[in-house]
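Please walk me through this structure. Keep to the helices and one charged side chain.

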There are 2 protein chains.
Amino acid sequence: MARIQSKKNSTKKEIIMEKAARLFREKGFGAASMRDIAEALGVEAASLYNHIQSKSEILQAICFKVANEFISHLEEVERDSDTTLKKMENIIKVHIRMMLDSYEYVYISDHEWRHLPEPYLSNFLNQRRSYRKRLSDIIQEGINRNEMKNIDPYVAVLTILSAISGIESWHRSRKTITAEILESNMVKYLIEGLKK
Amino acid sequence: MARIQSKKNSTKKEIIMEKAARLFREKGFGAASMRDIAEALGVEAASLYNHIQSKSEILQAICFKVANEFISHLEEVERDSDTTLKKMENIIKVHIRMMLDSYEYVYISDHEWRHLPEPYLSNFLNQRRSYRKRLSDIIQEGINRNEMKNIDPYVAVLTILSAISGIESWHRSRKTITAEILESNMVKYLIEGLKK
């Protein structure tokens, strides 16, 4: 029977998560089965269960991995003594980079979190609310310090995160521009729009 | 047997489209049935077929209604002798207004167009590509005229349209800000970000 091959620097669980993320995006979490995941990996479903208990466990692992990366980075940024504009620039860059380099994971975490079972669902939503609030706080501080124009912080965060999630359509497009041009221009647009 | 009641200024077909749009958004186009639509209208499925032939016909009507509204407005804007910034401001405002006032329709047209049958699908995608190209052209002209900063027009259009489609999350939220504050702040952010 075929075994799940580990790649350099990837555990077997990570390999399963990668294949699953792609399938969840293409078919939707509901429609993709453990059998589909096993097939995509070229192994029997039984050997999947040595590494992972359920589809739901994979979804949890993906959603919380993405959330953790954003939160750890935000904590670093909050500790820095940069200007608020520089802080927001760093945050925007990390979001864009994640959309470019870990597209499948971010997509699943953005679109399929509804399928998380409790208590993971509530926990995930609380973290997301708190994360957005902390971004709002940085923008509010930027306004108070006169570094940013007077703009509703909730609307600014909504605009930034939604604009970045639109990179989905670039992934599906004919890629007439490179990832680098996409990144630098979107950062420029979103930062100049905040600047006083 | 109950009959579909027309409201003032709405044809029966429009009433069916409205109920269907809501169901398509909540359940997804694939999962919502003609029977569900009839039930939501409080009529027998048979009486639906007096007004509409299929689920797909409703989807076509919704997608092309939304596309037509955007295109007609764009044609007006293109004819105007405004600055390019004013033109983009008008376009951004119409997109935001549509997301606020015709949310279900715009949502279906943004998310469920994949289910259009041919030749409607290709036609819809061609129109969408051409529409985005015409917005890019206005931005390119703004850069040439020195009214806008030098930004990749494709990225600018992607940023604008994605930011506006993020109003979805406002619809699902606790509405701590009004539609007016949302609109004015998002217009400000997106226009100031373009301005030279």
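Which residue follows H7(A), and what is the sign of its phi? The residue is A:Asn146, and its phi is positive, near 70 degrees. Keep in mind that this is a predicted model. Chain A has an average pLDDT of 94, and 96% of its residues score at least 70. For the complex, the predictor gives an ipTM of 0.92 and a pTM of 0.93.

Now take H7 of chain A itself. This helix covers residues 120-144. Its 25 residues should span 36 Å, because each adds 1.5 Å; the end C-alpha atoms are 36 Å apart, which agrees. Its buried residues include A:Leu121, A:Phe124, A:Tyr131, A:Leu135 and A:Ile139. An α-helix has 3.6 residues a turn, so residues three or four places apart point the same way. Among the elements covering the buried residues of H7(A) are helices H4, H5, H6 and H8 of chain A.

Turn to H8 of chain B, residues 153-165. At 1.5 Å a residue, its 13 residues should span 18 Å, and the end C-alpha atoms are 18 Å apart, which agrees. Of these 13 residues, 11 are buried, so H8(B) is largely enclosed by the rest of the structure. Among the buried ones are B:Pro153, B:Val157, B:Leu161 and B:Ile164. The N-terminal end is capped by B:Asp152, with a side-chain oxygen 3.1 Å from the backbone nitrogen of B:Tyr154.

Last comes B:Lys87, in helix H5 of chain B. B:Lys87 is buried, yet has no salt bridge. The nearest side chain of opposite charge is B:Glu141, 5.1 Å away. Beyond its neighbours within four places in sequence, B:Lys87 is in contact with B:Val77, B:Glu78, B:Asp80, B:Asp82 and B:Ile138.

How values were computed
Residues numbered from 1 in each chain as written. Chains lettered and ligands numbered in written order. Predicted model: local features only at pLDDT ≥ 70, side-chain atom pairs only at ≥ 80, totals over all residues. Heavy atoms only, no water. Helix = DSSP H or I, 4+ residues; strand = E, 2+ residues; numbered from the N terminus. Expected span 1.5 Å × (residues − 1). Buried < 20%, exposed > 50% of the residue type's maximum accessible area, 1.4 Å probe, protein only. Contact = heavy atoms within 4.5 Å. Lys, Arg positive; Asp, Glu negative; His and termini not counted. Salt bridge = Lys/Arg side-chain N within 4 Å of Asp/Glu carboxyl O. pLDDT = per-residue confidence, 0-100. Polar contact = N/O pair within 3.5 Å; in protein donor to acceptor, adjacent residues only side chain to side chain.
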